[in-house]
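Please look through the model below with its charged side chains in mind, and follow how they pair across the chain.

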Amino acid sequence: MATRKVKRKKPGKLLRFIKVIVVLVVLLVVGFAGLYMVYPDVSKLKKQNPGKTSFMEYREAEYRAKGKKMRIQSKWVPLRSISPYLMKAVLIAEDDKFWSHHGFDTAAIQKDLEKNLEAGRFKLGGSTISQQLTKNLYLTPSKNPVRKLKEAIITWRLERALSKRRILELYLNVVEWGEGVFGAEAAARRHFGKPASALTAEEAAKLAAALPNPRRYRVDGTSRYVERRAKIIYTIMVRRGIVVPDYEEVTTTPPETVDETAPTPPADSQGANSTTPGPTPPPNGQ
C-alpha cells in the first residue's frame, strides 16, 4: 500500500509573512509618532490662550450622555492674577520637581516600574504638570497605551516650545477643579467666593489637595482626605518659608507632628504625581 506524502509548508513563507507584519507595525508606529511630532501646533500657545480644551469637551459629552444640564465654568487670568500660595501649593502637591525636570519625572517612573515588576502587573503611574497639561489640552482621561504615547510626544514638544512659567500659567487655567469647574479663577470663585488672586495659603492648600480627584474630593470641609492632605501641604509651605502663620498656628500644629505619608487617592482626571515633596523650586524658574 502506497503511503501519502504530506506536504509541509515551507518555513520560508511563514518567516516572510512575519517580517511583513513587523515592518507594517513599525511603519505604523513611526507614522503615528511622526504625526504627533507636528500636530497639534503647540508653538501658538506661546502667545495665544487656549479656548475650550479637549478635556472640557469630553466632560460636556459626559454631561449630555447622562442628561445633565451643566455648563463649563472657566475664566482665563494671567499668572500674576493667581495667588502665589496657590502656585506653590499645587507644585508641592502635584509636581515638586517641576522646575528641574524636562516634562517627565524619571525617578517616579522608575519607582512605578519597580512596583509593577514586584506586583506582576503593568500600571502607568502619575503624571507631571506638563503631562497633565497635555492631557487637558488635547486628550482625554483614557489610560490606554496609545493615549500615553500621544501624551509623551506632545509633552516633549510642549517643554521645548514653552517656558516653565507659561506651562504653569496654562495648567492653572485649564485644570479641572470640580464638577464643571476649570481653572484657578473659576475654582476660587466657586469654592471660596473670591478671585484667585485673593486666595489664602489655607484655601490654596485645600484646592491643591483636591486635584487628584476634584470631582470626588471637595474643599468645603466635607472631605476628610482633603482636610488631612491640605494640612500637610500647608505645613510644608510653612517649613519652606512660603507662609508665616501666627504664633498660635505654629504652636498648635508644629511641622514635626504632621504625617507626610498619607496615601494619595486614586487619580481621576488629574493624575497626581508626588506625595513626597522634593527640594524647594526656584521662585522664577524657566
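A salt bridge here is a side-chain nitrogen of Lys or Arg within 4 Å of a carboxyl oxygen of Asp or Glu. This is a predicted model, in which local features need pLDDT of at least 70 and side-chain atom pairs count only at pLDDT 80 or more, while totals for chains, interfaces and linings use all residues. Residues are numbered from 1 along each chain as its sequence is written, and side-chain values use heavy atoms, with hydrogens and water left out.

By this rule there are 15 salt bridges, and a network of them links Arg59, Glu62, Glu176, Glu179 and Arg215. Within this network, Arg215 pairs with Glu62, their closest N and O atoms lying 3.5 Å apart. That pair joins distant parts of the chain, 153 residues apart, since Glu62 belongs to helix α2 (residues 54-65) and Arg215 to the loop between α9 (201-210) and α10 (224-239); helices (H or I, at least four residues) and strands (E, at least two) are DSSP runs, numbered from the N terminus.

Arg215 also forms a salt bridge with Glu179, where the closest N and O atoms are 3.2 Å apart. Here the partners are 36 residues apart, Glu179 being in the loop between α7 (164-174) and β2 (181-182). Arg215, at 27% relative accessibility, counts as partly exposed, a class that falls between buried (under 20% relative accessible area) and exposed (over 50%), using a 1.4 Å probe and protein chains only. Glu179 is likewise partly exposed, at 24%.

A further salt bridge joins Lys206 and Glu227, with closest N and O atoms 3.8 Å apart. Because Lys206 lies in helix α9 and Glu227 in helix α10, the pair ties together parts that are 21 residues apart in sequence. Lys206 is partly exposed at 23% relative accessibility, and Glu227 is partly exposed at 24%.
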